[in-house]
Amino acid sequence: AAPPAEPRPTPSTSSTGSPSPTPSRTAVTRPPTVAPSPTAPPESAKPRPRPEAGVVTRVNTLRAANGCPELETDARLTGVAQRHSEDMAARNYFDHTDSSGRGTGDRVDATGYDWSAVGETIATGTSDPAAVVEEWRNSPGRDNDIFNCDFVHVGVGIADSSRGPYWTQVLATPR
């Protein structure tokens, strides 16, 4: 008998608001730049890239090819995305509305991020970041999120479950 097939990723998108290009007043957390050590650890001891970073890198590559600026990771949006992925995985559901009835905009508001537009993409069923982004890119409504050149910040979260990982990407434009 053949092993069971891996479930096909299920993408979904949701957007709120009408983005209007405005200068960002929001501070973005970036990792500090560190010079490489002359005695770098062996390749096997180096930390592996996080899947969330792979999503942001792939989305930014697609955006650049479509004339959009690169998204900057925002810690507040990353927290919103991570908590939503964890909520969906723990409660075995798939929706833009969380288990307490809040939509994406409500969850972003709770962090203090003052947004003029917010969007969310979710997926489940695959562990490959590039495959998740391709599902989002090929799903209806993708132009509202990934290729919306007015979005400037992003946060990505992933949570494992027995059904496979749950992915959430939150994009926003500050007011």
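The legends below describe an overview and several close-up views of a predicted model.

**Figure 1. Overview of the chain, with 4 helices and 5 strands.** Read from the N terminus, the elements follow the order β-α-β-α-α-β-α-β-β. The chain holds 175 residues, and 41% of them are buried. Among contacts with a separation of 6 or more, 76% are between residues 24 or more positions apart. The accessible surface of the chain is about 9,500 Å². Carbon and sulfur atoms contribute 52% of that surface.

**Figure 2. Disulfide between Cys-68 and Cys-149.** A search of the whole structure gives 1 disulfide. The sulfur atoms of Cys-68 and Cys-149 are 1.9 Å apart. The angle about the S-S bond is -70°, and the link is left-handed. Cys-68 sits in the loop between helix 1 and strand 2 (72–73), while Cys-149 sits in the loop between helix 4 and strand 4 (153–159), so the disulfide ties together parts of the chain that are 81 residues apart in sequence. The two cysteines can also be described by their accessibility. Cys-68 is buried, at 7% relative accessibility, whereas Cys-149 is partly exposed, with a relative accessible area of 32%.

**Figure 3. Salt bridge between Arg-58 and Glu-134.** The closest N and O atoms of this pair are 3.0 Å apart. The salt bridge links distant parts of the chain: Arg-58 belongs to helix 1 (residues 51–65) and Glu-134 to helix 4 (residues 129–138), 76 residues apart. Arg-58 is partly exposed, at 28% relative accessibility. Glu-134 is also partly exposed, at 23% relative accessibility. Side chains of opposite charge can pair when their charged atoms come close. A search of the whole structure finds 8 salt bridges, including this one between Arg-58 and Glu-134.

**Figure 4. Salt bridge within helix 2, between Arg-91 and Asp-87.** The closest N and O atoms of Arg-91 and Asp-87 are 2.7 Å apart. Both residues lie in helix 2 (residues 75–91), with a spacing of 4 residues, or about one turn of the helix. What is the relative accessible area of Arg-91? Arg-91 has a value of 53% and is exposed. Asp-87, by contrast, is buried, with a relative accessible area of 11%. Elsewhere in the chain, salt bridges with shared partners join Arg-58, Glu-134 and Arg-137 into one network.

**Figure 5. Salt bridge between Arg-50 and Glu-52.** The side chains of Arg-50 and Glu-52 meet with an N to O distance of 2.9 Å. Is Arg-50 buried or exposed? Arg-50 is exposed, with a relative accessible area of 55%. Glu-52 is buried, with a relative accessible area of 10%.

**Figure 6. Buried residues of helix 4.** Which residues of helix 4 are buried? They are Pro-129, Val-132, Val-133, Glu-135 and Trp-136. These residues lie on the same side of helix 4 because they cover an arc of only 155° around the axis. Glu-134, in the same helix 4 (residues 129–138), is partly exposed, at 23% relative accessibility.

**Figure 7. Positive phi at Asn-92.** Where is Asn-92 in the chain? Asn-92 is found in the loop between helix 2 and helix 3 (104–109). Its phi is near 55°, a positive value in a residue other than glycine. Most residues other than glycine have a negative phi. Asn-92 is partly exposed, at 46% relative accessibility.

**Figure 8. Side chain of Thr-124 and the backbone of Pro-165.** Thr-124 is located in strand 3 (residues 115–124). At 6% relative accessibility, Thr-124 is buried. A polar atom of the Thr-124 side chain lies 2.9 Å from the backbone oxygen of Pro-165.

Conventions: Residues are numbered from 1 along each chain as its sequence is written. This is a predicted model: local features need pLDDT of at least 70, side-chain atom pairs count only at pLDDT 80 or more; totals for chains, interfaces and linings use all residues. Side-chain values use heavy atoms; hydrogens and water are left out. A salt bridge is a side-chain nitrogen of Lys or Arg within 4 Å of a carboxyl oxygen of Asp or Glu. Buried means under 20% relative accessible area, exposed over 50%, partly exposed in between (1.4 Å probe, protein chains only). Helices (H or I, at least four residues) and strands (E, at least two) are DSSP runs, numbered from the N terminus. The arc is that of the directions from the helix axis to the C-beta atoms. A disulfide is a pair of cysteine sulfur atoms within 2.5 Å. Contact means heavy atoms within 4.5 Å. Accessible areas come from the Shrake-Rupley method with a 1.4 Å probe; for residues, only the protein chains shown count as cover. A polar contact is a pair of N or O atoms within 3.5 Å; within protein, one must be able to donate a hydrogen and the other to accept it, and residues adjacent in sequence count only if both atoms are side-chain atoms.
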